[in-house]
Every structure is written in structure tokens, then in C-alpha cells.
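Me: I would like to learn how to read a model like this one, feature by feature. Where should we begin?

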Amino acid sequence: MPRPTAAQIAYGSAAVVFSALALLLLTGAEGGIAVAAVAAVALALGLAVSVTLHQRDVQRRGTALDAALRTVQEAQPGPAPARRTGAGVHSLHR
């Protein structure tokens, strides 16, 4: 499993904190079970943000890799022209 990048950690943590605050303010949760439910939802949202960010990064790398591969393939010269051999060609002229 790849390690999370700094951006994934930052965005995931921010999503957890802000969604937890927003949910606590909107629901007015005061009991322990309600606060635990809000925390679970906030953690799930933070995880979703991190996974989405990882998938976008993978897609971006994949398209960049495809573009680089196409560029390299286009830059490679075609096959070398065939050398003349046969009657009338002396070995010293090669």
C-alpha cells in the first residue's frame, strides 16, 4: 500500500475537522452517542477526501506517463534505410 502524500494528509485532516465542526453546529449534538456518530461521519468524509485525492493523482500520473510515452515513440527515428547489396556493389564501397 502506498504511503499517503502530504496533500492527502492535509486535505483529509481539514475535511475531518471542518465537517465535524459543521455537523456539531448543525445538529446540536450534546449526548455521547450523537457526538460519536458525528465523529464517525467526519472521519468517513475525511477518508473519502483522501481516497479521491489519491485516485486523481494516479489518473494524472497515468495520463502524464501516456503522453511522455507517445512523445518518446514519436521522437524515435523509423527503421534505417536498407543497405544496397547484390550485383554491382563492391565490398570496398560499403
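Me: How many helices and how many strands does the protein have?

Reply: Begin with the secondary structure. The protein has two helices and zero strands. Keep in mind that this is a predicted model.

Me: What share of the residues is buried, and what does the accessible surface come to?

Reply: Buried means under 20% relative accessible area. By that cut-off, 11% of the 94 residues in the protein are buried. The accessible surface comes to about 7900 Å², and carbon and sulfur atoms account for 66% of that area.

Me: How far apart should the ends of helix α1 be, and how far apart are they?

Reply: The idea is to compare an expected span with the distance in the model. Helix α1 runs over residues 6-27, which is 22 residues, so at 1.5 Å a residue the span should be 32 Å. Its end C-alpha atoms lie 31 Å apart, in agreement with that value.

Me: Which residues of α1 are buried?

Reply: They are Gln 8, Gly 12, Ala 15, Ser 19 and Ala 20. These residues cover an arc of only 120° around the axis, so they sit on the same side of α1. On the other side of α1, the exposed residues are Ala 6, Phe 18 and Leu 25.

Me: Which residue just after α1 takes a positive phi?

Reply: Gly 28 does, with a phi of about 65°.

Me: Which residues make the nonpolar surface patch?

Reply: A patch is read from side chains that are accessible and lie together. Here Val 17, Phe 18 and Leu 21 make a nonpolar patch of about 320 Å². Val 17 belongs to helix α1, and it counts as partly exposed because its relative accessibility is 47%.

Me: Is Ser 50 buried or exposed?

Reply: Compare its relative accessibility with the cut-off for buried, which is under 20%. Ser 50 is at 18%, so it counts as buried. This serine is in helix α2, residues 32-75. Leaving aside neighbours within four places in sequence, Ser 50 contacts Gln 8 and Gly 12. Both of those contact partners are among the buried residues of α1.

Me: Which residues does Tyr 11 touch, not counting those up to four places away in sequence?

Reply: Tyr 11 touches Val 49 and Leu 53. Tyr 11 is placed in helix α1 and has a relative accessible area of 52%, so it is exposed. Sequence separation and distance in space should be read side by side. Tyr 11 and Ser 50 are 39 residues apart in sequence, while their C-alpha atoms are 6.7 Å apart.

Me: What separates the C-alpha atoms of Val 51 and Gly 12?

Reply: The distance is 8.8 Å, for two residues 39 apart along the chain. Val 51 lies in helix α2. At 40% relative accessibility, Val 51 is partly exposed, whereas Gly 12 is one of the buried residues of α1.

Methods: Residues numbered from 1 in each chain as written. Predicted model: local features only at pLDDT ≥ 70, side-chain atom pairs only at ≥ 80, totals over all residues. Heavy atoms only, no water. Helix = DSSP H or I, 4+ residues; strand = E, 2+ residues; numbered from the N terminus. Expected span 1.5 Å × (residues − 1). Buried < 20%, exposed > 50% of the residue type's maximum accessible area, 1.4 Å probe, protein only. Arc of directions from axis to C-beta. Patch = residues over 30% accessible without salt bridge, like charges linked within 9 Å, V, L, I, M, F, W, Y side chains within 5 Å. Areas by Shrake-Rupley, 256 points an atom, 1.4 Å probe, with all protein chains shown as cover. Salt bridge = Lys/Arg side-chain N within 4 Å of Asp/Glu carboxyl O. Contact = heavy atoms within 4.5 Å.
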